[in-house]
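User: I would like to go through this model with you and ask, for each label, what justifies it.
Analyst: Gladly; here is the structure, and we can begin with a single side chain.

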There are 4 protein chains.
Amino acid sequence: MNKYQKTIKKFAKERNWGQFHNPKDLLLGVVEEIGELRNVVKWEQDLTKLREVMVKNKDEVEDGIGDIYWFLALLANGCGVDIDVAIEKTIADNKKRFPLKDTKDRHTNRFLGGKDKKYDKK
Amino acid sequence: MNKYQKTIKKFAKERNWGQFHNPKDLLLGVVEEIGELRNVVKWEQDLTKLREVMVKNKDEVEDGIGDIYWFLALLANGCGVDIDVAIEKTIADNKKRFPLKDTKDRHTNRFLGGKDKKYDKK
Amino acid sequence: MNKYQKTIKKFAKERNWGQFHNPKDLLLGVVEEIGELRNVVKWEQDLTKLREVMVKNKDEVEDGIGDIYWFLALLANGCGVDIDVAIEKTIADNKKRFPLKDTKDRHTNRFLGGKDKKYDKK
Amino acid sequence: MNKYQKTIKKFAKERNWGQFHNPKDLLLGVVEEIGELRNVVKWEQDLTKLREVMVKNKDEVEDGIGDIYWFLALLANGCGVDIDVAIEKTIADNKKRFPLKDTKDRHTNRFLGGKDKKYDKK
């Protein structure tokens, strides 16, 4: 388990917060952060400008990303998941799911003709 | 930058996916994963049973957590945020925001009498 | 089309806001409102108390519900959906999907043994 | 109360589903639908194409909109909110919040110079 996940575990344990860490609360915590990040980019349609406003408000974005990780760590701690193991699996899965030859310069939206091997299998 | 964030950066670059990685798409990617995780816990009200069903479906939860990290890394890469730096800041902030003496055995929902120094300042 | 959906259509048209009403922005708009409503109920685990705090903060909840409808109407207007027709279909679907005899006093979480005919078919 | 909200109330009451309708579950229900709708539009950046794919998959979008209304009605029923009253208030608020002269042909993202009287007041 990485040091951040461990620190967050200790923080919650010291406060005896397990009683409040219902997975539903933690999932909704992530949702709230996504909503806050939305405020930085909303209504603008130009991708270059969207990136500029994100960089210009890097503190805001950094806050949101850190807070999402925080909730993710609490969720993982509640059910014995090691976040780093989870990431390694996702990376390995995505290598199989999106082979370079099928996905270079192409998106993977199936409604718009994109390939996504996860759904081919189904 | 940690090795996972770097690997995900390389993965996206090889595919030339920057053109698709609008921050709005990445935020909605996280939302979709939250929605999938909701299926594991929905409608059950008993906290013990909620934890049991999460542990029993650890693969599903691990998948969701890994995928959320994936989108988080793409978002961070798009605006020059180092995820580990973001987490360190959140941990430092939360130590100030939720002092042990105010928050031990207490939740922080202000609508229900909880203390949250973030809002005291405002 | 009901009068609310019509009024919202006119409001957006007068402002020439179609150029900003990317479906992704509207979906994220709903997400932001969900995040705000989360603040009213977070961390509390007692269902009775959750209902009390919702009723006590009825204005807050009413705001959130109205705002979600607002984004829903803009989304519907953007792709020729009549909200009332959509609701009628959902009601008809759910009558088939959740027959009274299978679902009285039972939840429909499949991970916890619940029945949901939508997934039986798959 | 409109006939849809009433029908949904009766549907839930017949099944004695109040015991499962924790506001957190209903909020997460909306999140799941948003995640499903994301699949229709993800990764595409052209606003015209986004609208075309929404119209082409109108059934999918209609389903999502109907299901979101369903959860909204259950949430409203749980705390004595009349959805139509909520919408009327939102419409009245937005007329004040976004005066035509300030917002015609302009978005309201404050991070990008937009005006939003809700935040001016704060």
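Analyst: In this predicted model, the side chain of C:Asp82 reaches the backbone nitrogen of C:Met1 at 3.0 Å, and the side chain of C:Asp82 also reaches the backbone nitrogen of C:Asp84, at 2.9 Å.

User: What makes the approach of the C:Asp82 side chain to the backbone nitrogen of C:Met1 a polar contact?
Analyst: The cut-off for a pair of N or O atoms is 3.5 Å, and the separation here is 3.0 Å, so the pair falls within the limit. The value of 2.9 Å to the backbone nitrogen of C:Asp84 passes by the same cut-off of 3.5 Å.

User: Where is C:Asp82 found, and how many residues apart along the chain are C:Asp82 and C:Met1?
Analyst: C:Asp82 lies in the loop between α4 (58-78) and α5 (83-97) of chain C. Along the chain it is 81 residues apart from C:Met1, yet their C-alpha atoms are separated by 5.6 Å. Leaving aside residues up to four places away in sequence, C:Asp82 touches C:Met1 and C:Gln5.

User: Turning to the interface, why is the pair A:Lys89 and B:Glu62 called a salt bridge?
Analyst: The rule asks for a side-chain nitrogen of Lys or Arg within 4 Å of a carboxyl oxygen of Asp or Glu; the closest N and O atoms of A:Lys89 and B:Glu62 are 2.6 Å apart, and therefore the pair qualifies. Across the interface of chain A and chain B, the rule finds two salt bridges.

User: Which helix of chain A gives the largest share of the side that touches chain B?
Analyst: That is α4(A), with 15 residues. By character, the residues of that side divide into 36 nonpolar, 15 polar and 22 charged.

User: How much area do chain A and chain B bury between them?
Analyst: They bury about 6200 Å², with 67% of it on carbon and sulfur atoms. In chain A, the residues that lose the most area to chain B are A:Tyr4, A:Glu62 and A:Ile65, together 10% of what that side buries.

User: How do you know that the copies meet through the same surface?
Analyst: Because 99% of the interface residues of chain A are also interface residues in chain B, the same surface is used by the copies.

User: What turn and shift lay chain A on chain B, and what relation is that?
Analyst: A turn of 180 degrees with a shift of 0.0 Å along the axis lays chain A on chain B with an RMSD of 0.0 Å, which is the relation of a two-fold axis. Of the residues of chain A, A:Val31 comes closest to the rotation axis, its C-alpha being at 3.4 Å.

Methods: Residues are numbered from 1 along each chain as its sequence is written. Chains are lettered from A and ligands numbered from 1 in the order in which they are written. This is a predicted model: local features need pLDDT of at least 70, side-chain atom pairs count only at pLDDT 80 or more; totals for chains, interfaces and linings use all residues. Side-chain values use heavy atoms; hydrogens and water are left out. Buried area is the accessible area (1.4 Å probe) that two parts lose on being put together, summed over both. Helices (H or I, at least four residues) and strands (E, at least two) are DSSP runs, numbered from the N terminus. Ala, Val, Leu, Ile, Met, Phe, Trp, Tyr, Cys and Pro count as nonpolar, Asp, Glu, Lys and Arg as charged, and the others, Gly among them, as polar. Copies are superposed by least squares on the C-alpha atoms of residues with pLDDT of at least 70 in both. Contact means heavy atoms within 4.5 Å. A polar contact is a pair of N or O atoms within 3.5 Å; within protein, one must be able to donate a hydrogen and the other to accept it, and residues adjacent in sequence count only if both atoms are side-chain atoms.
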